[in-house]
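Open the model in your viewer and keep the sequence panel beside it. The stops below say what to select next and what is there.

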Amino acid sequence: MSRDTIRELDRRTLLTLAGTAGIAGIAGCSTTDSDGGDGGDGGDGGGSDGGDGGDGGSSPYTIGMIDSLTGSLSAFGERNQRGKDLALAAVNEVGLDGRELAITVEDSESENQGGVSAAQKLVNQDRVPFVIGAVGSGVSLAIYESVISGTDVVQLSQNSTGLGLTDFPGLLRMSPTGRTQATALANIIADDGYDEVALTYVNNNYGSSLADAFKNAWDGDLAYDNPHDQDQQSYSGLVSEMNGSGADAWLFITYQAEYATMVNEMFSNGYEPQLYGADSVSGDNVLENTPEGSMDGMKIVVPSAPVEEQNYQDFASQFESEYDEAPTAWSAYAYDCVVTAALSILAADEFTGAALSEVVRDVTRPEGEQVTSFEAGAEILVDGGSASDVDYQGVSGPIDLDENGDPVGFLQITEVQNHSYEGIGFIEG
Amino acid sequence: MVLDLLANGLIYSSIIVLGSIGLSLVYSIAGFANFAHGDTMTVGAYSALVTFGAVGGLGGAILGLPFGFFVALAVGIAMAAVVAVVTEKVVYEGLDVGSIGLLITSIGIAFVYRAVIQMGFSSDFTRYDIQALRPIEALLPYGIRVTEHDVAIFVSAVVLVTGLHVLLQYTDLGRKMRAMADNPDLARVSGIRTDRVKLWTWVIGAGLAGAGGVFLGLYGRLAPRMGFDLLLVIFAAVILGGIGSVYGAMLGGVLIGMINQLTPLLSGVGALLPIVPDGWGIGLEYANALAFLIMVVVLLFRPNGIAGDGEGT
């Protein structure tokens, strides 16, 4: 194991040296550069980890991806990787003007520190101009603030829904902001005829920002409003306080493990309120670990893929045949991140962060022709079309990245019926 | 409300007590704070999960728990003990690094336990495949909402703790353990085989932790971090009670568990105090902070904990 690492390091050092020599060669207008024709991206030659820095024209375009392969968000990471693999296959089937797309994946360990070191490696060592990452909103922000900000590298988060990301226009994301979710929840609870609600949220940035957004959108009374800590073994005090508040509608903004524990405690305490939840409380692991019927009638708002669209259905059936399970919206976001990156590379004048950041929004938003696959988009771009001639309609929704780097939200309302999640409607934010 | 919280406190305390006794025992005889203790609880819980999955319910049930669960409990206790003894034999015994070195080593061991569990069971949470229960009807008029499972946790903890008390006070091994905890050198020159006593200490301490872990899983959920997340609270209980003292650990465990679960009573504290504004209260998210605060205050007046003796440790 350690021996391998050493060997790899040696190889990397060697590659870096070779790359540096390559750049020096280009700079000196050496004749060995005859097959390249893309002198503009010398940085790519130096950073590409592919092992063939020498033969410019056919070497892949390498971008980076920071994912939660391990740690508390590893369930998202796995879904992301599946979406990414499918997208990469679709892109490379068509090719990027004769070249391939390669993605160097680094693990954030679902932690800020891990994410920042992964980004440093990708940006400073591999010199990728485009980084897909990360999952957790805190991790995405940490990466942006300490590595990306100040460079011209494009960062596109695949799964962050934190509200704070809107304030950083340079930090793009594929998943919709939580604000649409909070507004939708407030409307649903009011529409169901409740004028007071008991709210609890996980004591971190995600929980408190979503709770604040909900409180802004909610016109009724807040009978209970308290955070709870993550990873506690018992929430019995919490559920009895919520019961004590007298509200009949309870809203949970927390994670699956915490929520499953709370449901079990509500069940064993005999409480039966009307439940509402943010997307992070839903999951098969919650259904499996709560008593049958304990959540029936619960309504949850989840970021959703446009399940009625043809391109999503194609994606879903391909996903199912490959992995033997239905995809979630989180896989679809990762898929669209890769396709958006690939379209940007085709649309951009050169493979640099500055050029990519000029076109990345345009390939996803209107005025251009609506395309639902990479192949269709690539056709327009290869025929001489510019970024504004393409409007990619992703498998996760219309995307339409705005100036803040946020996509148009596409949400589904699901209800727990007979202990499983059933979709009962869509909201476009 | 108060009765309900007290009942919950008793159940939560039962688990803390099972964890803290082992930690205190090992400290008094092996001489270091074992940070792998929390993950020993996790080992017990997951062993029980596997066993229960394999043996199933086995017919009847006591207090809503199938017979198979008690088999699983026994296996959980045994596995936790075996793992701890193997670790002691392979790692701790051969290390001659003093108590700080052993403490740091035990943190490493904790990571190893957790990593192995994570490899086998993923980092996701799970629960035993036991039907969740509704609160006991007879107690509802008093406002107490506990299930038969909660009662089972409490009763089992009482049985185990009583067993330990009998062992320590009335058996030969117990006397030797107490002798060794007081003064290991004197115990050895008196002819006590201290190595053997030490091994038994590990068995008992880790076994109780294993039982605590099994109940922790029944009470909340199983996850690879479950034991480690509880460890700080257990340390607070042990130190509050007086580290090294088994009875202190029991007392500390009950106090810390109670404070933790009774925190909701303080949510309206602003209305009772004169200067503080009415809407102000201590929220649930401060339950652990409050427990530690009380620990610090107690230690200011009794530096060796409630049951600690006069000597510094």
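**Stop 1: a strand residue in chain A**

Select Q412(A), which sits in strand β13 of chain A, residues 410–417. Bear in mind throughout that this is a predicted model. Is Q412(A) buried or exposed? Its relative accessibility is 17%, and buried means under 20%, so Q412(A) counts as buried. Now show what surrounds Q412(A), leaving aside neighbours within four places in sequence: the contacts are I300(A), V301(A), V302(A), S304(A), G423(A), G425(A) and F426(A).

**Stop 2: V202(A)**

Move to strand β6 of chain A, residues 196–202, and select V202(A). This residue is buried, with a relative accessible area of 1%. Add T254(A) to the selection: 52 residues separate V202(A) and T254(A) in sequence, yet their C-alpha atoms are 4.9 Å apart in space. Besides T254(A), V202(A) touches G207(A), S208(A), H228(A), Q230(A), I253(A) and Y255(A), once residues up to four places away in sequence are set aside.

**Stop 3: chain A as a whole**

Zoom out and colour chain A by secondary structure; there are 14 helices and 14 strands. Of the 429 residues in chain A, 57% are buried. Among contacts in chain A with a separation of 6 or more, 68% are between residues 24 or more positions apart. With the surface switched on, chain A exposes about 17,100 Å², and carbon and sulfur atoms supply 44% of that area.

**Stop 4: A7(B)**

Switch to chain B and select A7(B), in helix α1. A7(B) has a relative accessible area of 16% and is buried. Which residues does A7(B) touch, not counting those up to four places away in sequence? They are I144(B) and V146(B). Draw a distance from A7(B) to V146(B): their C-alpha atoms are separated by 7.4 Å, with the two positions 139 residues apart along the chain.

**Stop 5: helix α9 of chain B**

Select residues 226–241 of chain B, which form helix α9. The helix has 16 residues and reaches 23 Å from its first C-alpha to its last, close to the 22 Å expected at 1.5 Å a residue. Look along α9(B) for a kink of about 35°, centred on L232(B).

Why is α9(B) described as largely enclosed by the rest of the structure? Twelve of its 16 residues are buried, so the description follows. To see them, select M226(B), G227(B), L230(B), L231(B), V233(B), I234(B), F235(B), A236(B), A237(B), V238(B), L240(B) and G241(B). Then show the helices of chain B that these buried residues pack against: α1 (2–30), α2 (37–55), α8 (194–219), α10 (246–262) and α12 (287–301). After α9(B) comes G242(B), with a positive phi near 110°.

**Stop 6: a nonpolar patch on chain B**

Finish on the surface. Select L10(B), V55(B), L58(B), I62(B), L63(B), F67(B), V71(B), F154(B), V155(B), V158(B) and V159(B); they form a nonpolar patch with about 820 Å² of accessible area together. Two elements of chain B, α3 (67–92) and α5 (148–170), give two or more residues each to the patch. The largest share, four residues, comes from α5(B).

Pick out V159(B), found in helix α5 of chain B. Its relative accessibility is 54%, above the 50% cut-off, so V159(B) counts as exposed.

Notes: Residues are numbered from 1 along each chain as its sequence is written. Chains are lettered from A and ligands numbered from 1 in the order in which they are written. This is a predicted model: local features need pLDDT of at least 70, side-chain atom pairs count only at pLDDT 80 or more; totals for chains, interfaces and linings use all residues. Side-chain values use heavy atoms; hydrogens and water are left out. Patches are made of residues with over 30% relative accessible area and no salt bridge: like charges are joined within 9 Å, nonpolar side chains (Val, Leu, Ile, Met, Phe, Trp, Tyr) within 5 Å. Accessible areas come from the Shrake-Rupley method with a 1.4 Å probe; for residues, only the protein chains shown count as cover. A salt bridge is a side-chain nitrogen of Lys or Arg within 4 Å of a carboxyl oxygen of Asp or Glu. Buried means under 20% relative accessible area, exposed over 50%, partly exposed in between (1.4 Å probe, protein chains only). The expected span of a helix is 1.5 Å times one less than its number of residues. The bend at a residue is the angle between axes fitted to the seven residues ending there and the seven starting there. Contact means heavy atoms within 4.5 Å.
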